[in-house]
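Biologist: Hi! Could you walk me through the ligand site and the pockets here?

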Amino acid sequence: MEETLVNDKIEERIRFWNNRVETLQAADLYFYNQPIEELHGGVRVQVRGREMLMFASYSYLGLIGHPKINAAAKAAIDEYGTGTHGVRLLAGTLKLHRELEETIAHFKGTADAVTFSSGYVTNLTAISTLVGRHDVVICDKLNHASIVDGCLLSGATLMRFRHNDMKDLERCLKRADPAVTKLVVVDAVFSMDGDIIDLPHVVGLCRKYNAWLMVDEAHSIGVLGKTGRGIEEHFGLENVIDLKMGTLSKTVPSLGGYLAGRRDVMQMFRHASRAFIFSAALPPAQAAAAKAAFEVILEEPERVEQLRRNSAQFINGLKAAGFDTMRTETAIVPVLCGADEKAFSMVQHCQHEDIFVLPVVSPAVPEGLARLRATVTAAHTPAEIDRALGVFERAGKRAGII
Ligand SMILES: Cc1ncc(COP(=O)(O)O)c(C=O)c1O
């Protein structure tokens, strides 16, 4: 007979999450984990047999399905097969991995780069390799969860400063013992709010207080800078970041993460980071696709410009309709709804009108700041953005948001 323990905390957690999901499903308010049946250019998708316009994808430059990238992935399968059957340190490193790392280093203007099997794991391993128990790691309060988890895993003392608040960052740097090693970690573009870190000031403070700087460029590659090279290009700075981190799963339509920086630092990661030593290498197709994608970003700079135009059209349209898009300056566009229920209701209206968008609710964001996190890409046409704006406006009115 199946028995559940009355005071078992694990059972309690299972019940909590199952109740939450089932309550939303019963009210037709559950839109997570929907299988996408067809993906046409990443923007026009088929879900539950319906054609929908995608406004929740991180394919910022619309590179998913790009012929050159697809061809590179297929050729890699023909040459190497589908797996690497090993960790990078031992038998898992292919010529392709080194070519990808050279391409990334060239793209980011660094001496070297190293890749891992996901962006999440890259942050975990980077931070926990760089700092340990007697060091200090300082984070923006809105940094991505993988950065927070990396800090916790490292065992270093974690200090957090108010979002993008340079006075508060300086307060943390001052409070840390000057003799202790300090690492500052920030997102380039914040994944919930779409705003950009004040990099020039962060760099100035790191230099003043002798701290290392690591920047997560998951949402800035292909998005920031005239040619999409990221946050340094955006601010007209060159090599002011000690460790540049990024993912291969957003603008770059593949999987994995990278670190780019000094050659000796990369050498250390190749021998001392646990994700490199204890986890399998990127599959050949993914490595080849990622390499081709970096090349395409540089070969087709018009995509970056188109993304900028599309973001402006989308943000301005939402503001004109009366929405609060918070402090976004990029293709990540939060649409503030307030209470969780309003965000769910807004999404329900949008999805019923075939706009694929999803809510972000507590605890991912503070209570009362539930929102839609909409994303626009270079592959949307101005007419598609206008159609979405019309749906958002109707949905916002029905949900009582505008
Ligand atoms: C800022 C940031 N860093 C890291 C990651 C993790 O990257 P990946 O999805 O490649 O594991 C994400 C993904 O959502 C992210 O938004």
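Modeller: Sure, we'll start with the ligand and then turn to the pockets. This is a predicted model, where local features need pLDDT of at least 70, side-chain atom pairs count only at pLDDT 80 or more, and totals for chains, interfaces and linings use all residues. Residues are numbered from 1 along each chain as its sequence is written, and side-chain values use heavy atoms, with hydrogens and water left out.

Biologist: Which residues come nearest to the ligand?

Modeller: Among the 15 residues around the ligand, the nearest are Tyr 120, Asp 216, His 219, Ser 249 and Lys 250. Being near takes a heavy atom within 4 Å.

Biologist: And what lies 2.7 Å from an oxygen atom of the ligand?

Modeller: That's a polar side-chain atom of His 219. Side-chain N or O atoms of Ser 249 and of Lys 250 are each 2.9 Å from a ligand oxygen atom.

Biologist: How much of the ligand's accessible area does the protein cover?

Modeller: The protein covers 84% of the 390 Å² that the ligand has on its own, by the Shrake-Rupley method with a 1.4 Å probe.

Biologist: OK, pockets now. How much space lies in the largest one?

Modeller: About 420 Å³, a volume filled by probe spheres set on grid points joined across faces, edges and corners. A pocket is an open set of points on a 1 Å grid over the protein atoms alone, where a 1.4 Å probe fits, with protein on both sides within 12 Å along at least five of seven lines; lining residues have an atom within 4 Å of a point.

Biologist: Which residues are closest to its centre?

Modeller: Leu 142, Asn 143, Met 192, Ala 364 and Val 365, out of 18 lining residues.

Key: Polar contact = N/O pair within 3.5 Å; in protein donor to acceptor, adjacent residues only side chain to side chain.
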